[in-house]
Amino acid sequence: MKLSWKRALRPAAAMAGALALALLPTSTAAAAPPEAPHAVQAAAANDSGWNDFSCEPSSAHPRPVVLVHGTGGNSVDNWLGLAPYLVNRGYCVFSLDYGRIDGVPLFYGLGPVEDSAQELSDYVDRVLAETGSEEVDIVGHSQGGMMPRYYLKFLGGADSVHTLVGIAPSNHGTTLLGLTRLLDLFPGLEDAIDGSAPALTQQVAGSDLLQRLNAGGDTVPGVEYTVIATRYDQVVTPYRTQFLDGPNVRNVLVQDRCPVDISEHLTIALVDRVTWHETVNALDPAHATPATCFS
């Protein structure tokens, strides 16, 4: 199935917008609207049973699920579809904001990946303490599927995490449809971006961070991994770089489940029910059912 060139460029345009936002002067970013809308959304999420720290994990689903947004996302907007889907199936669901840049509201996941991984570590500790659980499962989109691997490998997270599900994760970096070549063509551009939003350059294929993260293998012992990707991803490219190698890894291409699925980088997490179905299969493999176009 072919996509129109206009549709194909939408995700790339979204990432370009994130780059532009990251490069705004501090004075301009500080003049952005206050975060009140996000606070309202967060309250609504809590009222829906999501981010409810009084939730008690059941025997059927004993591990809380921590949702980790992508670059330029936040703890609410990224999960407006998947979080209720999981709550309705009996999971205790939590999400965090991480990687904030001073003066930039609502668009998070821009700070250094190493710092974001520590924020995730602290949040997982809170979820475990509040729910009395021994382990969590993590579901992350884009950077949110890659960054937890830093937590698992370097911050001791493997002791607290049973399953990591990465939805369109930037596991081995991206060429952004070749646009990252501009970093070589325009001296100073990479330093400018890195100074404003380091997570962006850290996700470029071949970055120092990704070389350290993937050295010695993609996985760590004791954790189950699932990667869910779409062949129409135009942000993390080539899409097969999202997949992991190693024991306890399951790589899923949504078009293998539904050939007519045209989800791309943004919609795969937001609205794609094949992805949601495969996420639940990864969280509860003992009761997994085939995902199809009618999931």
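Okay, one definition before we start: rings of Phe, Tyr and Trp count as a pair if their centres lie within 6.5 Å, with the six-membered ring used for Trp. With that in hand, here is the cluster I want to open on: Phe-53, Phe-94 and Tyr-123 go together as one aromatic cluster. And a reminder, this is a predicted model.

So, the aromatics. How many aromatic pairs does the structure hold? Four. Take Phe-53 and Tyr-123, which pair edge-to-face, with 6.4 Å centre to centre and 75° between the planes. That pair links distant parts of the chain: Phe-53 is in the loop between helix H3 and S1, Tyr-123 is in helix H5, and they're 70 residues apart. Is Phe-53 buried or exposed? Its relative accessible area is 18%, so Phe-53 is buried. Tyr-123 comes out at 11%, so that one is buried too.

Next pair: Tyr-85 with Trp-276, and this one is tilted, at 5.2 Å centre to centre and 50° between the planes. Tyr-85 belongs to helix H4 and Trp-276 to helix H13, so the pair ties together parts that are 191 residues apart in sequence. Tyr-85 has 9% relative accessibility, so we call it buried. Trp-276 has 7%, and so counts as buried as well.

While we're on rings, let me bring in the arginines. Arg-126 lies over the face of Phe-53, 3.9 Å from the ring centre. So if you have Phe-53 up on your screen, look for both neighbours: Tyr-123 as its edge-to-face partner, and Arg-126 over its face. Then there's Arg-100, whose charged end sits over the ring of Tyr-108, 4.5 Å from the centre.

Tyr-108 takes us to His-69, since Tyr-108 is one of the residues His-69 touches. Where is His-69 found? In the loop between strand S1 and helix H4. Its relative accessibility is 0%, so His-69 counts as buried. Leaving out residues up to four places away in sequence, the contacts of His-69 include Asn-74, Ser-75, Asn-78 and Trp-79, then Leu-96, Asp-97 and Tyr-98, and further along His-141 and Gly-144.

Stay in that loop for a second, because I'd like to show you Leu-80, which also lies between S1 and H4. Leu-80 has 48% relative accessibility, so it counts as partly exposed. Together with Leu-270 and Val-271, Leu-80 makes a nonpolar surface patch of about 260 Å².

Now, back to helix H13, where we left Trp-276. How many of the 11 residues of H13 are buried? 10 of them, so the helix is largely enclosed by the rest of the structure. The buried ones include Val-274, Trp-276, His-277 and Glu-278.

Glu-278 is my way into the salt bridges. General point: side chains of opposite charge can pair when their charged atoms come close. The count here is five salt bridges, and Glu-278 takes part in one with Arg-250, at 2.9 Å, N to O. Those two link distant parts of the chain, Glu-278 being in helix H13 and Arg-250 in strand S6, 28 residues apart. Glu-278 also forms a salt bridge with Arg-257, and there the closest N and O atoms are 2.6 Å apart. Arg-257 lies in helix H11, so its bridge to Glu-278 in H13 ties together parts that are 21 residues apart in sequence. Put those together and Arg-250, Arg-257 and Glu-278 are joined into one network by salt bridges that share partners.

What about burial in that network? Glu-278 has 2% relative accessibility and so counts as buried. Arg-250, on the other hand, is at 28%, so it's partly exposed, and Arg-257 is at 30%, so that's partly exposed too.

One more salt bridge: Asp-137 and Arg-63 meet at 2.9 Å, N to O. Asp-137 is in strand S3 and Arg-63 in the loop between H3 and S1, so this pair ties together parts 74 residues apart in sequence. Asp-137 is at 1% relative accessibility, so it counts as buried, and Arg-63, at 18%, counts as buried as well.

Last stop, Gln-234, in the loop between strands S5 and S6. Gln-234 has 7% relative accessibility, so it's buried. The C-alpha atoms of Gln-234 and Leu-266 are separated by 9.5 Å, with their positions 32 residues apart along the chain.

Key
Residues are numbered from 1 along each chain as its sequence is written. This is a predicted model: local features need pLDDT of at least 70, side-chain atom pairs count only at pLDDT 80 or more; totals for chains, interfaces and linings use all residues. Side-chain values use heavy atoms; hydrogens and water are left out. Helices (H or I, at least four residues) and strands (E, at least two) are DSSP runs, numbered from the N terminus. Buried means under 20% relative accessible area, exposed over 50%, partly exposed in between (1.4 Å probe, protein chains only). Contact means heavy atoms within 4.5 Å. Rings of Phe, Tyr and Trp (its six-membered ring) pair if their centres lie within 6.5 Å; planes under 30 degrees apart count as stacked, over 60 as edge-to-face and the rest as tilted. A charge sits over a ring if NZ of Lys or CZ of Arg is within 6 Å of the ring centre and within 35 degrees of the ring normal. Patches are made of residues with over 30% relative accessible area and no salt bridge: like charges are joined within 9 Å, nonpolar side chains (Val, Leu, Ile, Met, Phe, Trp, Tyr) within 5 Å. Accessible areas come from the Shrake-Rupley method with a 1.4 Å probe; for residues, only the protein chains shown count as cover. A salt bridge is a side-chain nitrogen of Lys or Arg within 4 Å of a carboxyl oxygen of Asp or Glu.
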